[in-house]
Each structure stands twice: as structure tokens, then as C-alpha cells.
Amino acid sequence: MTFTTHTTPTGFLLPSIHSTPPFFTQQRNPSTLSTQTEQWTRLITAYARYRKLFMLRIEDAETTGGEWDEVLRNERINRRIMPSHLSYIFADMVAKNVAGYEPPKQTRSILVYWRLPEEWAEVLHGWVTSTAQLNTIMTFYEITDPPIESPLTDLPLPLLRQAIAILGKTGRAQIIAVADGEGVRFFAGSGKP
């Protein structure tokens, strides 16, 4: 059998490792497991970025027909990642700060950081600046569901909060109580802590 890359129906190019049966089995050798976990992490984050996905759940490995099927399964070789293996990958991703458990205090779903919270903070501030909304109070809804699609469209609230907190530490954002919840005001700031 030849191991080759494969383009999924959504257009994502899967690496050749995805066509090897051992890739879907949690390896026992610590060195091999470490390499395998790094490859899974790169694949998950690249796919999340490509599809603009944020949440990954253990259930995604247990059920078919989901938005993660192209990565978590390979029907061509009749393989899928097992939930226990995916759970191990989650723990490693969280430990390396490329994901966070969401909601916190559970281990069955993660928020995938295909951009780190610090990067989202810069994207957020750049978007606010480019749309001339500095010193304007905006609701979280206005940020994550703007009238014209932006890089922040559909950004999960926990990730938005992290980005705002980072900007707050550098004096570039401040949470404001508004009539229907929370809002935020952005300032030019220097970006230096």
C-alpha cells in the first residue's frame, strides 16, 4: 500500500501519515507516542484553521457525520481515532497551551487555539482599529457577529474574553457593563505591558 496525501471533500489536504493505520492507534513507545501526538496536534490545529472550527469534543470521535470526520476517521483504510486516544491528545494540547478545556473543569471538549489568545488579541485590536471603533463601546455580539464578516466572526466567547483580558493588561481594552450584558471599549494604547 502506498501512503500518500489525500484531499478531503472540503478541500483540506491530509498528510500521508493519515493513511497509515498505526497513526490511529495510541502508540506504547513513549518516543513514538510523543511524535504521534505532535503530528495529531498539528493536524487538528491545521484542520481547525482551514475550516474555522473552534470546538473539538470526544464525542466527535464516537459519532459519524460531524465536521471533524475527515480528520478523525479514514474510511479508505477503515480506521478512526479512539476516544481514549483523543482524550490523551487533548491533555497534551492543553498542557502545551495549544488548546484549553471548554467548559473548564472537564476533559471531554477543548477549544482549539489555531491562533493563540495573544494572536486573537492582536487580530481583535487590529480589526477595531481598522473599522474606526476605538473609544466606542461594543457588545461581544457586535464583535463576534458583525454585519460584514470579519476574522472574529463566530469567535467563541471564552476566547474573546481571553483576548480582551490580554488587551486589558496592556491598556488597550476595558470591559464595560452594558444594558444587555457586557461590552468592551478599546483604546489605541501602545501594546506594551
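The following exchange concerns the two domains of a predicted model and the interface between them.

In this predicted model, local features need pLDDT of at least 70, side-chain atom pairs count only at pLDDT 80 or more, and totals for chains, interfaces and linings use all residues. Residues are numbered from 1 along each chain as its sequence is written, and side-chain values use heavy atoms, with hydrogens and water left out.

Biologist: How far apart do the C-alpha centres of domain 1 and domain 2 lie?

Modeller: Domain bounds come from an automatic or database domain assignment. That assignment gives domain 1 as 6–112 and domain 2 as 117–186. The separation of their C-alpha centres is 29 Å.

Biologist: Which three residues supply 76% of the area that domain 1 buries against domain 2?

Modeller: Buried area is the accessible area (1.4 Å probe) that two parts lose on being put together, summed over both. Between domain 1 and domain 2 about 550 Å² is buried, 65% of it on carbon and sulfur atoms. On the side of domain 1, more of this area comes from these three residues than from any other three: Lys-52, Phe-54 and Leu-111.

Biologist: How many salt bridges are there between domain 1 and domain 2?

Modeller: Contact means heavy atoms within 4.5 Å, and 4 residues of domain 1 are in contact with 10 residues of domain 2. A salt bridge requires a side-chain nitrogen of Lys or Arg within 4 Å of a carboxyl oxygen of Asp or Glu. Between domain 1 and domain 2, the count of salt bridges is 0.
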